[in-house]
Amino acid sequence: MKTQLQKWVDEQVAIMQPDKIYWMNGSDEEARELVNLAEEEKRDGHPILKKLNDKNFQGSYYHRSNTNDVARTEHLTFICLPNKEDAGPNNNWMDPKDAKEKMGNFFKGCMKGRTMYVIPFLMGNPKSPYSKNCVQVTDSLYVALSMRIMTRVGTAAIEKIGDSNDFFKGVHSVGDINPERRFIMHFPHENMVLSFGSGYGGNALLGKKCYSLRTASYLGYQEGWLAEHMIIIAVEDPKGKRTYFLGSFPSACGKTNLALLNPVIKGYKVWTLGDDIAWINVGPDGKLYAINPEMGFFGVAPGTGENTNPIMIETLKNNKFFPTLYTNTAIDNDTNNPWWEGLTEEVPENLTNWQGEKHDKASGKVAAHGNSRFTVSAYNCPTLAEEFDNPLGVPISGIIFGGRRKSTIPLVYESSNWQHGVFTASIIGSETTAASSSATGVVRRDPMSMLPFCGYNMGDYFKHWLSFEKRAKTLPKIFMVNWFRKDEDGKFMWPGFRDNSRILKWMIDRIEGKVSAQEKELGLFPKLEDLDLSNLDISDKIMEKLLHVSKEEWQKEIPMIEEFYTKFGDRMPQELKNQLDNLRKKFA
Ligand code: GTP
Ligand code: SPV
Ligand code: MN
């Protein structure tokens, strides 16, 4: 007798008609076999993977994606719930019937001459009551290998699925990598995603944004939990006490860097639990507990170097878990190392750029794409927390929200309570980055850094966030940060990166009630004397600028928030509208 999973795969085979079917078991031998295959198999005239310098970066391979396929495509991403209003103004919507018909035409026979990789995977540790069973089929060997790094692929998933039909169904084909025939269609109510025409990151690794955020956020709304674009870290103080934080920043705005932080403050240590996605449940004791459903990091390469993120450099050089992939970075031909802006201060002489051409240093252009990334297992990370595989996750004491803003948003402040914290997170605006294919550097509202990832109406999502005041017994403190405020000359005023540990220390002092705060229009601010700025060359004047709340700037900001709130009509919770009224009055 065939299992439901086998039957479902048979159906996909009948539609897409692959020449071969390859069921992944997740073993190390299998990874080596697939990597060898990828070194031989050609797409667009070059091999899918090219071996890099194994002495400097163990187990590392290079992949160049099509130049039309280098970032998530939000305009081609749809939430196909039966009612348009349930998808909300934050999502593109298509009627599920129309979407399936459209995708059905693309998928018909699309794998002729290709291999279909069947990837059974788990999001979360198999022992966790919060983990989820998933399957993706794909015709991309690069995607199959990336999934092995990012999720728990293999037999454990097959065993957990058994004969049940209760598993996420992800259908993916790169098709002919044509932007005209590229769509990422979500059916959260059917636990299914259909993705065609892209082989890149969040468009194609369906366990990531498509399942663990868009689909899971919808599930969480139904079931009473949260799926968030957040890191999870443990901050250990000199006495060995650990405080757990969640940190939410929009794409390419500092999550991975904060997740692998090497603090400048003596005696403090940061342990990594997750760098992109957190699933948050109310635990048996009424506290919020978070797990990271992923198993790897798909991190932004540019800006990652010895000075900014030494722990990530160490992670990339490790090879406990094979392999590590580099996508759309440059290659240093003298060393066969991957290279990107910020890896070394000196730009090497003999680089091949991300498009496969010789890099012209004088051109002023970057050699690595702004959204070039590495894909590396979390188990290669020297600061991976021992709690990483805790089935119930870790109890959260603080949630840090942030954005990328050259003005308006202060370096750090604290919300006065849960509702005010939800409000603070709901009004976040951030400058867009290369992580998405649309224009960069434009300020847009990105509440909870979930604008591109919330799988349902964001008005309902805000209500769901507010509801945790009733669901939980103890709630974390909520903080807002902005590492990216600039001076008149366009320079970052705050050193950022490792120095962000100074801000974490203040947050812990606040959580433990060791320091008081100063109330301003936006919330509770640190007193300068309570921030540990030892061995840091920064003047009080700059610190004051960093913490300044400008009436003029907020008078410009509030109408943008109002415009955003208005889009949600009746679905916008009254509590948040009242909060906005209060804030407006403060700046009148
Ligand atoms: P996604 O993987 O897209 O969700 O992004 P992320 O939030 O994990 O972004 P990441 O940490 O990789 O950072 C993106 C960019 O921001 C990199 O180029 C970093 O160098 C830069 N960055 C991170 N932290 C800081 C900081 O504290 N200050 C400044 N100035 N830049 C930072
Ligand atoms: C992001 O864009 O937020 C990412 C990369 O983390 S992707 O997986 O492509 O979504
Ligand atoms: Mn992300």
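A polar contact is taken here as a pair of N or O atoms within 3.5 Å. In the predicted model, one such pair joins ligand 1 to the protein backbone: a backbone N or O atom of A252 lies 2.7 Å from an oxygen atom of the ligand. Side chains also take part. An oxygen atom of ligand 1 is found 3.0 Å from a polar side-chain atom of D276, and an oxygen atom of ligand 1 is found 3.3 Å from a polar side-chain atom of H229. Of the 660 Å² of accessible area that ligand 1 has on its own, the protein covers 92%.

The shell around ligand 1 comprises 22 residues, and the closest of these are A252, K255, T256, R373 and F497. By class, 10 residues of this shell are nonpolar, 8 are polar and 4 are charged. Two elements, α9 (255–259) and β20 (296–300), each give two or more residues to the shell around ligand 1. The most are given by α9, which supplies 3 residues. Ligand 1 sits in the largest pocket of the model.

The largest pocket is also the space taken by ligand 2. The residues that surround ligand 2 are R72, G201, G202, K208, K209, H229, S251, D276, F298, R373, A435 and F453. This shell divides into 3 nonpolar, 4 polar and 5 charged residues. At least three of its residues come from domain 1 (4–47 + 73–224), and at least three come from domain 2 (228–296 + 387–571).

Three side chains place an N or O atom within the cut-off of 3.5 Å from an oxygen atom of ligand 2. For S251 the separation is 2.5 Å, for R72 it is 2.9 Å, and for H229 it is 3.3 Å. The protein covers 98% of the 280 Å² of accessible area that ligand 2 has on its own. The elements that contribute two or more residues to the shell around ligand 2 are α7 (201–204) and α8 (207–223).

H229 thus has a polar side-chain atom 3.3 Å from an oxygen atom of ligand 1 and a side-chain N or O atom 3.3 Å from an oxygen atom of ligand 2. D276 is part of the shell of ligand 2 and has a polar side-chain atom 3.0 Å from an oxygen atom of ligand 1. R373 is among the closest residues to ligand 1 and is likewise listed around ligand 2.

Two features of the backbone geometry were also noted. Most residues other than glycine have a negative phi, and most peptide bonds are trans. The peptide bond between F322 and P323 is cis, with omega about -10°. P323 belongs to the loop between α10 (310–317) and β21 (324–327). I177, a residue other than glycine, has a positive phi near 45°. The loop that holds I177 runs between β11 (168–173) and β12 (183–187).

Technical notes:
Residues are numbered from 1 along each chain as its sequence is written. Chains are lettered from A and ligands numbered from 1 in the order in which they are written. This is a predicted model: local features need pLDDT of at least 70, side-chain atom pairs count only at pLDDT 80 or more; totals for chains, interfaces and linings use all residues. Side-chain values use heavy atoms; hydrogens and water are left out. A residue is near a molecule or strand if one of its heavy atoms lies within 4 Å of it. A polar contact is a pair of N or O atoms within 3.5 Å; within protein, one must be able to donate a hydrogen and the other to accept it, and residues adjacent in sequence count only if both atoms are side-chain atoms. Accessible areas come from the Shrake-Rupley method with a 1.4 Å probe; for residues, only the protein chains shown count as cover. On a 1 Å grid over the protein atoms alone, a cavity is a set of points where a 1.4 Å probe fits but cannot get out, and a pocket is an open set with protein on both sides within 12 Å along at least five of seven lines; lining residues have an atom within 4 Å of a point. A molecule sits in a cavity or pocket if more than half of its atoms lie within 2 Å of its grid points. Helices (H or I, at least four residues) and strands (E, at least two) are DSSP runs, numbered from the N terminus. Ala, Val, Leu, Ile, Met, Phe, Trp, Tyr, Cys and Pro count as nonpolar, Asp, Glu, Lys and Arg as charged, and the others, Gly among them, as polar. Domain bounds come from an automatic or database domain assignment.
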